[in-house]
Amino acid sequence: MTPAARIAAAIEILDTVLSGQNAERVLTTWARSNRFAGSKDRAAIRDHCFDALRCLRSYAWLGNAGEEPSGRALMIGALRAQGCSEAALAEMFSATGYGPAALSEHETRMPSLQTAPPAVALDVPDWLFPLYQSALRVDAHPILELCRHRAAVFLRVNLAKGTREAAQEDLRADGIETQPHALSDTALEVTHGARAVARSAAYVSGLVELQDVASQALVDALPLAQGMRVLDYCAGGGGKSLAMAARAQMRVTAHDISAERMRDVPVRAARAGARIDTALQSELRGPYDLVLVDAPCSGSGSWRRAPQAKWDLTPERLAQLTTLQAEILDETAPLVAASGVLAYATCSLFEAENSRQVEAFLTRHPEWSVQNTRLFTPLEGGDGFFLAQFQRQS
Ligand SMILES: C[S@@+](CC[C@H](N)C(=O)[O-])C[C@H]1O[C@@H](n2cnc3c(N)ncnc32)[C@H](O)[C@@H]1O
């Protein structure tokens, strides 16, 4: 496909996404019904679409979208944001080589982002902007600026299977270049060849897993030790269960309200050479020395990876999530052994899901105290994550 044809395809896909459909599904459907598109085309179109979803408001502004963004306005704005000259833009939009129709006179007007409101220039919904400012203070603008760009790909080296250096060598043999990251001693940042990771020998043998560096640092911060009984209460696909199991010889149990989400845990555990039991609520046998609650949350710390969620979140949904987070904390506290630790984590940057959730838990449960809290932000290289560790007062 020509670059212009890829832009035309992205416009078509974005229009469907903007009508309320899920971007991943729309991309899959598009690929199935356009078999002529090769893997490089699909990857380029996907990047166009996800970049546009990350930068929805600023691209719409640069594309003269007015109130309602369209795929076409977003792609015009995207090209301008990437420094494309007006002559090159007119060439791309010239209805040749299966490219999009020629620019209208209105579309040739080039607005400046300098005059855009901050929430537009930083690509956040108006109602969320004060939430970021209150949580992040002087760091709000630099963090939001980082969130406008693609996140790096990180791997976690399974130290039970080999060293970080050995993993780098194995990956290099498969054309994947990495560099260690300071936030965690298990982390490698992929600098070249990210798309080849899932086929690489290091991945297939369980020497590395895909996992964000802040996720890894969060697990590093937990007081894990040999022989502990550990419960990962919101385990999902088991990313944190696996990271914990690789830290020490422990009995790790993974639980999630959705058994379906845990479907891959046994396969991933076998690949990693780890033993992780999965359990339904009725099968949980406490007490546990450490219970990790990686709570369902807005995901605001990882919206670089899932940008559609930034625009889909509503105040009502955020309120539902904070209620659910409090309920989960209340139901897990009794599962923790007398001197055990209740670790609460979110991949959110908002106070309502983090510091205010901690305060509310301590008010409801005065017998507990908070040992420490930590907010990881994209300024440190990874996703935004929050961790609070509670213990009963002695
Ligand atoms: C942030 S995700 C977990 C991600 C996972 N820990 C990982 O590292 O890959 C939150 C998970 O909480 C689960 N969940 C939601 N409500 C729950 C509840 N009441 N009890 C247990 N799990 C719940 C969701 O199904 C979801 O998989």
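So, residues 143-394: the C-alpha atoms at the two ends of that span sit 39 Å apart, and the span is 29% helix and 25% strand. Keep in mind that this is a predicted model. The UniProt record, an unreviewed entry, labels residues 143-394 "domain: SAM-dependent MTase RsmB/NOP-type".

Okay, the annotated positions. The unreviewed UniProt entry puts "active site" at Cys347. Where is that on the fold? Cysteine 347 is in the loop between β9 (336-346) and α17 (355-364). Buried or exposed, then? Cysteine 347 has 26 other C-beta atoms within 10 Å, so we call it buried, the threshold being 20 or more. If you skip the neighbours within four places in sequence, cysteine 347 is in contact with Cys297, Gly299, Gly301 and Ser302, and also with Asp383, Gly384 and Phe385.

Next, "binding site": the unreviewed UniProt entry gives that annotation to Asp256 and Asp294. These are spread over 39 residues of sequence, yet they cluster in space, with a largest C-alpha distance of 10.2 Å.

Taking them in turn, aspartate 256 is in the loop between β6 (251-254) and α14 (265-272), while aspartate 294 belongs to strand β8 (residues 288-294). Aspartate 256 counts as buried because it has 24 C-beta neighbours inside 10 Å. Aspartate 294 is buried too, with 25 other C-beta atoms within 10 Å.

What do they touch, leaving out residues up to four places away in sequence? For aspartate 256, it's Cys234, Ala235, Gly236, Arg261 and Met262. For aspartate 294, it's Cys234, Lys240 and Ala345. So Cys234 turns up in both lists.

Now something with a bit more solvent around: alanine 196, in the loop between β3 (187-192) and α11 (201-204). Alanine 196 is partly exposed, with 14 other C-beta atoms within 10 Å. Beyond its neighbours within four places in sequence, alanine 196 is in contact with Asp174, Gly175 and Ile176. Isoleucine 176 is 20 residues away from alanine 196 in sequence, and their C-alpha atoms are 7.1 Å apart.

Last stop, a helix pair. The axes of α1 (residues 3-18) and α3 (residues 39-54) come within 9 Å and cross at roughly 50 degrees, which makes α1 oblique to α3. The crossing of α1 and α3 is right-handed. On the α1 side, the contact is made by Arg6, Ile7, Ala9, Ala10, Ile13, Leu14 and Val17, and on the α3 side by Asp41, Ala44, Ile45, His48, Cys49 and Ala52. By type, the residues in this contact of α1 with α3 are 10 nonpolar, one polar and two charged.

How values were computed. Residues numbered from 1 in each chain as written. Predicted model: local features only at pLDDT ≥ 70, side-chain atom pairs only at ≥ 80, totals over all residues. Helix = DSSP H or I, 4+ residues; strand = E, 2+ residues; numbered from the N terminus. Buried ≥ 20, exposed ≤ 12 C-beta atoms within 10 Å, placed from the backbone. Contact = placed C-beta atoms within 7 Å. UniProt positions renumbered as here; feature names shortened; annotations may be inferred. Axes fitted to C-alpha atoms, helices over the stretch in contact; angles between N-to-C directions. Parallel < 35°, antiparallel > 145°, perpendicular 65-115°, else oblique. Left-handed = near helix turned anticlockwise from the far one by under 90°. Nonpolar A, V, L, I, M, F, W, Y, C, P; charged D, E, K, R; others polar.
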